[in-house]
Amino acid sequence: MRTTTRLQLVYGALAAADTLLAGSGRPWAHRARRVTKPLLMPVLAASLATDDRATGSPLRATTLAAEAAGWGGDVLLLGEGPGRFAAGAGSFGVGHLAYLHGLHRLRERRTTARRSPAVRAVAGVWAGTAPVVAVAAARQERSLGPTVLGYSGLLATMVAAATRLGDDVPRRARLLTASGAGLFLLSDSVLGARTFLLRSPSPAVESAVMATYTAGQYLISRGAAAAS
């Protein structure tokens with residue numbers, strides 16, 4: 001079995017374990033996540049770095065950089081409080097900038113973003129939800145309002161860019177990347193609702209956050225490998 005395949009299987013096992021642990025309200029489960037969650041992005045990055053098919057991919061380096069930033073966000077969000085949340089969002093924001101750098105270079109150039117139905121849909125979702133979450137965040141801690149608004153805008157921009165890869169990028173890579181970015185957006189939307197809108201969220205909500213997050217990151221990584 002190839003090293004890349006083994007690492008993908010390890011990532012899948014870690015993702016499943018962390019998703020289950022996230023849905024438990026027991027203290028031991030939270031402690032166990034200090035092992036499973038920080039391992040997610042290093043293992044995923046290693047699976048991409050060792051994939052010979054990804055060697056010539058124009059998205060390989062930027063995706064690895066984004067996964068490194070995602071690791072920082074994962075670790076920071078294991079803690080609680082406004083400061084850790086803002087720092088985690090900042091780390092993930094760096095990751096989205098890395099994704100954007102790679103995606104923008106491969107963008108569709110024949111039409112503008114304004115004419116894209118997918119871009120319009122993402123912009124509409126952001127405009128309809130981000131201000132509501134930002135206001136709720138500001139009620140908890142004033143500085144979190146701009147943080148949430150800025151981060152969500154950056155994430156939405158990344159997702160929009162993921163839907164606009166040019167035809168010179170293989171179709172499989174385009175589908176994987178767009179699907180992964182969409183799941184990432186869904187994950188963070190659920191996270192924002194759980195953190196700032198829901199008064200007594202079920203622990204199962206955190207499982208939904210992790211299930212969509214880990215799947216999204218995996219699909220984006222596979223999209224980068226398929227772009228070569």
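**Exercise 1.** How much space lies in the second largest cavity?

*Solution.* Start with the kind of model: this one is predicted, with pLDDT of at least 70 needed for local features and 80 or more for side-chain atom pairs, while totals for chains, interfaces and linings use all residues. Residues are numbered from 1 along each chain as its sequence is written, and side-chain values use heavy atoms, leaving out hydrogens and water.

Next, the term: a cavity is a set of points on a 1 Å grid over the protein atoms alone where a 1.4 Å probe fits but cannot get out, and lining residues have an atom within 4 Å of a point. Volume is the space filled by probe spheres set on the points, which are joined across faces, edges and corners.

Now the result: the second largest cavity holds about 30 Å³ of space. Its lining is Ala66, Gly70, Phe92, Gly95, His96, Tyr99, Phe184 and Gln217.

**Exercise 2.** Find which helix gives the most to that lining.

*Solution.* Helices are DSSP runs (H or I, at least four residues), numbered from the N terminus. With 4 residues, α4 gives the most to the lining of the second largest cavity.

**Exercise 3.** Describe how α4 and α6 pack.

*Solution.* First, take the angle: α4 (residues 82–105) and α6 (residues 144–162) pack at about 25°, with axes 9 Å apart. Axes are lines fitted to C-alpha atoms over the stretch in contact (heavy atoms within 4.5 Å), and angles run from 0 to 180 degrees between N-to-C directions. Then classify: angles under 35 degrees count as roughly parallel, so α4 and α6 are roughly parallel to each other.

Conventions
Helix = DSSP H or I, 4+ residues; strand = E, 2+ residues; numbered from the N terminus. Parallel < 35°, antiparallel > 145°, perpendicular 65-115°, else oblique. 1 Å grid on protein atoms, 1.4 Å probe; cavity = no way out; pocket = protein on both sides within 12 Å on 5 of 7 lines; lining within 4 Å.
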